[in-house]
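Trainee: I would like a close look at one part of this protein, with the rest brought in where it helps. Please take it slowly.

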Amino acid sequence: MKRVFLDTNILIDYIDNRVGADDAEQMLQYQCAKAAGCDYIVTNDRRHYDFSDIPHFTSADFVDQLDDLIK
């Protein structure tokens, strides 16, 4: 089973129609994903995870590639 970290900003962005998020918040989310041993990060703002050694996808890309990723 793969572990996926869903960036909470996806939900907040959708509900509040907001764009972007604070860099410190992103770093905290990355550290949580790393500590949890996540295999992927799903976020709508991939540039916030350019430094990440965990593969990161937009929500649309993740859903499109889901079959290949979970094998």
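Trainee: Which residue forms a salt bridge with Asp45, and how far apart are the closest N and O atoms?

Mentor: The partner is Arg47, and the closest N and O atoms of the pair are 3.0 Å apart. Before going further, note that this is a predicted model. The mean pLDDT of the protein is 82, and 86% of the residues score at least 70. Confidence varies between the elements: β3 has the highest mean pLDDT, at 93, and helix α1, residues 9-16, has the lowest, at 71.

Next, the setting. The protein contains three helices and three strands. Read from the N terminus, the order of its elements is β-α-α-β-β-α. Of its 71 residues, 34% are buried. Asp45 sits in the loop that runs between β2 (40-42) and β3 (56-57).

Now the pair itself. Side chains of opposite charge can pair when their charged atoms come close. For a salt bridge, the cut-off is a side-chain nitrogen of Lys or Arg within 4 Å of a carboxyl oxygen of Asp or Glu. Arg47 and Asp45 meet it, with 3.0 Å between their closest N and O atoms. The side chains of Asp45 and Arg47 are also joined by a polar contact of 3.0 Å.

The two partners are covered to unlike degrees. Buried means under 20% relative accessible area, and exposed means over 50%. Asp45 has a relative accessible area of 18%, so this residue is classed as buried. Arg47 has a relative accessible area of 55%, so this residue is classed as exposed. The bridge therefore has a buried acid and an exposed arginine.

Asn44 is in the loop between β2 and β3 too. Its relative accessibility is 42%, so Asn44 is partly exposed. The C-alpha atoms of Asn44 and Thr8 are 9.9 Å apart in space, although 36 residues separate the two in sequence. A similar question can be asked of Val42, which belongs to strand β2. Val42 has a relative accessible area of 5%, which means that it is buried. Between the C-alpha atoms of Val42 and Asp7 there are 5.8 Å, while the two residues are 35 residues apart along the chain.

The loop between β2 and β3 also holds a residue of another salt bridge. The count for the protein is two salt bridges. Besides the pair already described, the side chains of Lys34 and Asp53 form one, at 2.6 Å from N to O. Lys34 belongs to helix α2 (residues 23-35) and Asp53 to the loop between β2 and β3, so this bridge ties together parts that are 19 residues apart in sequence. Asp53 has 53% relative accessibility and is therefore exposed. Lys34 has a relative accessible area of 39%, so Lys34 is partly exposed.

Helix α2 is worth a further look. Tyr30 lies in this helix. At 8% relative accessibility, Tyr30 is buried. Its C-alpha atom is 8.2 Å from that of Ile41, and the two residues are eleven residues apart in sequence.

Turn now to the cysteines. A disulfide would need two cysteine sulfur atoms within 2.5 Å. By this rule, the protein has zero disulfides. Cys32 is in none, and the nearest cysteine sulfur, that of Cys38, is 9.2 Å away. Cys38 is likewise in no disulfide, the sulfur of Cys32 being the nearest at 9.2 Å. Cys32 has a relative accessible area of 40%, so Cys32 is partly exposed. Cys38, at 13%, is buried.

One surface feature remains. Leu6, Leu11 and Ile15 make up a nonpolar patch on the surface, and their accessible area together is about 320 Å². Leu11 is placed in helix α1. That helix has the lowest mean pLDDT among the elements, 71.

To return to the request: Arg47 pairs with Asp45 in a salt bridge, and Asp45 lies in the loop between β2 and β3. The other bridge joins Lys34 to Asp53.

Terms used:
Residues numbered from 1 in each chain as written. Predicted model: local features only at pLDDT ≥ 70, side-chain atom pairs only at ≥ 80, totals over all residues. Heavy atoms only, no water. Helix = DSSP H or I, 4+ residues; strand = E, 2+ residues; numbered from the N terminus. Polar contact = N/O pair within 3.5 Å; in protein donor to acceptor, adjacent residues only side chain to side chain. pLDDT = per-residue confidence, 0-100. Buried < 20%, exposed > 50% of the residue type's maximum accessible area, 1.4 Å probe, protein only. Patch = residues over 30% accessible without salt bridge, like charges linked within 9 Å, V, L, I, M, F, W, Y side chains within 5 Å. Areas by Shrake-Rupley, 256 points an atom, 1.4 Å probe, with all protein chains shown as cover.
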